[in-house]
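Biologist: Got a minute to go through this one with me? Let's start with confidence, then look at the packing.

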Amino acid sequence: KMARKKLVAGNWKMNGNFDANEGLILGFLAEVDEQVDVSVFCPFPYLAQVGKLLEGQQVAFGSQDVSAKASGAYTGEVSVDMLNEFGVTQVLVGHSERRQYHAESSVTVAEKAVAAISGGITPIVCVGETLAEREAGRVEEVIADQLDPVVEQCAKFIENGVWNLVIAYEPVWAIGTGVTASPEQAQEVHAMIRARLNAMLGAEVAQSTRILYGGSVKPGNASEIFAKEDIDGGLIGGAALSSDDFSGIIRAAR
Ligand code: PEP
């Protein structure tokens, strides 16, 4: 297995408050060491608090979205420069809930990834099919439609065979549903994504790019998922809100 360091990323979604955030972070910090990369994605208003709690810690943090625009008349949006002021180093883009409820197209997602990388922030680009798309045998086509604009627009940032970009495969039918893709089902899509990167960008980029799995990952199923060849960690929703569960998933990634 190629030596890609695993990344366990917690997506808090629209959850938390000052007290809960502090308890959560202090609760899992003891589990963090150099063997596994860990990051958390909080709502925008908590970036300052989370940044302070994580000062000097080996945990990255960021927001769950970012604007593709630099500044200006975009009411409600938050720019890369603003995130940088808080010490953000990673950002989620194209989460299925953004695509679904905020009509984010794959082109917009690609523009957000470009904005993030340009500003020195690593985008975690989320892709994944719905149940209807899977049942119609369209997984590869859907993933390609979501991935290709990102690859095309972000290829210019590749230097010496690496880019600051992480992919998260999150089958929509597995997000928040308690239904996890089997390790084999997930591996199949991860291998397909890596093959596509290989075809479009070459072996060096394909082999160095981390591809996370997301969708009802829990301490009890994380080890067998993370053991698969092309699965380089997880994007965790529900289980990232419990410090015990999140700790258990970090342990499973070692
Ligand atoms: C997510 O929101 O990215 C996610 C994977 O959620 P959950 O773990 O709750 O399925």
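Modeller: Sure. This is a predicted model. The protein averages a pLDDT of 97, and 99% of the residues score at least 70.

Biologist: What ipTM and pTM does the complex get?

Modeller: The predictor gives an ipTM of 0.96. The pTM is 0.97.

Biologist: OK, the ligand. How many residues surround it, and which are the closest?

Modeller: The ligand has 14 residues around it. The closest are Ile175, Gly176, Gly214, Gly237 and Gly238.

Biologist: And how does that shell divide by class?

Modeller: Seven residues are polar, five are nonpolar and two are charged.

Biologist: Switching to helices. At what angle do H1 and H11 pack?

Modeller: About 35°, with the axes 8 Å apart. H1 covers residues 18–28 and H11 covers residues 243–252. H1 passes H11 in a right-handed crossing.

Biologist: Which residues make that contact?

Modeller: From H1, Leu24, Gly27 and Phe28. From H11, Ser243, Phe246, Ser247 and Ile250. The contact has four nonpolar and three polar residues, with no charged ones.

Biologist: What about H10 against H11, what are the angle and the axis distance there?

Modeller: H10, residues 219–226, packs on H11 at about 20°. Their axes are 8 Å apart.

Biologist: Why is H10 called roughly parallel to H11?

Modeller: Because angles under 35 degrees count as roughly parallel, the angle of about 20° makes H10 roughly parallel to H11. H10 passes H11 in a right-handed crossing.

Biologist: Which side chains should I pull up for that pair, residue by residue?

Modeller: On H10, the contact residues are Pro219, Ala222, Ser223 and Phe226. On H11, they are Asp245, Gly248, Ile249 and Ala252. By class, that contact has five nonpolar, two polar and one charged residues.

Biologist: Another pair. How do H5 and H7 cross?

Modeller: At roughly 35°, with axes that come within 8 Å. H5 runs over residues 106–118 and H7 over residues 139–154. The crossing is right-handed.

Biologist: Which residues are in contact there?

Modeller: H5 brings Ser106, Val107, Val109, Ala110, Ala113, Val114 and Ile117. H7 brings Asp145, Gln146, Pro149, Val150, Gln153 and Cys154.

Biologist: And how many are nonpolar, polar and charged?

Modeller: The H5 contact with H7 has nine nonpolar, three polar and one charged residues.

Key
Residues numbered from 1 in each chain as written. Predicted model: local features only at pLDDT ≥ 70, side-chain atom pairs only at ≥ 80, totals over all residues. Axes fitted to C-alpha atoms, helices over the stretch in contact; angles between N-to-C directions. Helix = DSSP H or I, 4+ residues; strand = E, 2+ residues; numbered from the N terminus. Left-handed = near helix turned anticlockwise from the far one by under 90°. Contact = placed C-beta atoms within 7 Å. Nonpolar A, V, L, I, M, F, W, Y, C, P; charged D, E, K, R; others polar. Parallel < 35°, antiparallel > 145°, perpendicular 65-115°, else oblique. Near = placed C-beta within 6 Å. pLDDT = per-residue confidence, 0-100.
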